[in-house]
Amino acid sequence: MTVHPSLQTSIDAWTHSIEAISALVTPLVEGEWNRATECPGWSVRDIVSHVIGLECEMLGDPRPIHSLPRDLFHVKDELSRYMEVQVDVRRCHTAPEMTSELEYTIIRRSRQLRNEKREPDTVVRTVLGGKEMPLERALKLRAFDVWVHEQDLRRALGQPGNLDSPGAHIARDVLLAGLPSVVGERAGAPAGSAVVIDVSGPLEFMRTVRVDAEGKTTVDGSVSLGPAVTLAVDWETYLRLACGRVRPEAVAERVKVEGDQELARAILAEFAVTP
């Protein structure tokens, strides 16, 4: 095996999710490609375009030279503008063009990943606006992104599934890494407090976010006695909230809150950790 073992988990998760996306969209008729998703401003076609575009960038393909329309309400900053180019340039593509390009991109990228010989700590330039990071993290974020968009497509197309797939486990870890910032910095949980997140469903886990006396926030899997807040939520709702797909008030009946209601509202209002 040429691929380093610590990279294989992300590669396997990416493969599972992107092949699931291909299976989801290949049978779609033209009109279904225009169906709206929970990803702000993006249709089914737009999400597939985004996935294709970023994988092409990981392959080293040049970015398209393309001017964006001025009326895209969901393009609010440089990162979203960067992401939108690969999407908008494909908005006129037909269903057969989309599926053919997706299939070809998967073949090329899979070959590249099978032949990956670099060490996990190799610094690479990523698709996040040219930001550099270790290869291991870059591959983990690609697996995360593709799985999240697989779920966007499944909800839009009414075909639920893979909520406990390899990509789901990577997504859980990526999203949990953002909890200290949500609870401690953005929601302002007081020093010495603890917040418990109890997630049920296809992927079950419980985590405690602790704010120490100096205000440093950490997350662990141990039980907390007398937490300031306990939030009980199913995994899919957790995902939708953490990825900014839905507002807390829209899923209030799916989130059980115990403890400090004001702090709970502040946490839920800041729960999204992805752009």
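## Val 211 and strand 4

Leaving out neighbours within four places in sequence, Val 211 is in contact with Ala 189, Pro 190, Ala 191, Gly 192, Ser 193, Lys 216 and Thr 217; contact means heavy atoms within 4.5 Å. Val 211 lies in strand 4, where helices (H or I, at least four residues) and strands (E, at least two) are DSSP runs, numbered from the N terminus. With 5% relative accessibility, Val 211 counts as buried. Buried means under 20% relative accessible area, exposed over 50%, and partly exposed in between (1.4 Å probe, protein chains only). Val 211 and Ala 194 are 17 residues apart in sequence, and their C-alpha atoms are 6.3 Å apart in space.

## Basis of the model

This is a predicted model, in which local features need pLDDT of at least 70 and side-chain atom pairs count only at pLDDT 80 or more, while totals for chains, interfaces and linings use all residues. Residues are numbered from 1 along each chain as its sequence is written, and side-chain values use heavy atoms, with hydrogens and water left out.

## Helix 1 against helices 2 and 4

The axes of helix 1 and helix 2 (residues 44-58) come within 12 Å and cross at roughly 140 degrees. Axes are lines fitted to C-alpha atoms, for helices over the stretch in contact, and angles run from 0 to 180 degrees between N-to-C directions. Helix 1 and helix 2 are therefore oblique to each other; angles under 35 degrees count as roughly parallel, over 145 as roughly antiparallel, 65 to 115 as roughly perpendicular and the rest as oblique. The crossing of helix 1 with helix 2 is left-handed, a term for a near helix turned anticlockwise from the far one by less than a right angle, with right-handed used if clockwise. Trp 14, Ile 18, Ile 21 and Val 25 of helix 1 meet Val 44, Val 48, Val 51 and Glu 55 of helix 2. This contact of helix 1 with helix 2 has seven nonpolar, no polar and one charged residues. Here Ala, Val, Leu, Ile, Met, Phe, Trp, Tyr, Cys and Pro count as nonpolar, Asp, Glu, Lys and Arg as charged, and the others, Gly among them, as polar.

For helix 1 and helix 4 (residues 95-114), the axes come within 11 Å and cross at roughly 165 degrees. That makes helix 1 roughly antiparallel to helix 4, and their crossing is left-handed. On the helix 1 side, Ile 11, Trp 14, Ile 18, Ile 21, Ser 22 and Val 25 meet Thr 99, Leu 102, Ile 106, Arg 109, Ser 110 and Leu 113 in helix 4. The residues of this contact of helix 1 with helix 4 divide into eight nonpolar, three polar and one charged.

## Helix 1 against helix 6

Helix 1 (residues 5-25) and helix 6 (residues 166-176) have axes that come within 8 Å and cross at roughly 120 degrees. Helix 1 and helix 6 are therefore oblique to each other, in a left-handed crossing. Thr 9, Ser 10, Ala 13, His 16 and Ser 17 of helix 1 make the contact with Pro 166, Gly 167 and Ile 170 of helix 6. By class, the contact of helix 1 with helix 6 has three nonpolar, five polar and no charged residues.

## Nonpolar cores

The largest nonpolar core has 75 residues, and those with the most contacts inside it are Val 25, Trp 235, Tyr 238 and Ile 267. A nonpolar core is a set of buried Ala, Val, Leu, Ile, Met, Phe, Trp, Tyr and Cys residues joined through side-chain atoms within 4.5 Å. Helix 5 (residues 135-157) gives the most to the largest core, with 12 residues. Apart from the largest core lies another, of five residues, among them Leu 54, Tyr 82, Met 83 and Val 127.

Not counting residues up to four places away in sequence, Trp 235 touches Trp 147, Leu 163, Ala 168, Ala 171, Arg 172, Leu 175, Val 199, Ser 200, Leu 203 and Phe 205.

## Helix 7 and its surroundings

In helix 7 (residues 179-186), Leu 179, Pro 180, Val 182, Val 183 and Gly 184 are buried. The buried residues of helix 7 pack against helix 6, strand 3 (194-200), strand 4 (205-211), strand 5 (217-220), helix 8 (235-242) and helix 9 (261-269). Gly 188, just after helix 7, takes a positive phi of about 70 degrees.

## Loop residues

Asn 162 is in the loop between helix 5 and helix 6. The phi of Asn 162 is near 60 degrees, a positive value in a residue other than glycine. With 22% relative accessibility, Asn 162 counts as partly exposed.

Gly 201 is placed in the loop between strand 3 and strand 4 and is partly exposed, with a relative accessible area of 36%. Gly 201 and Pro 166 are 35 residues apart in sequence and 15 Å apart in space, C-alpha to C-alpha.
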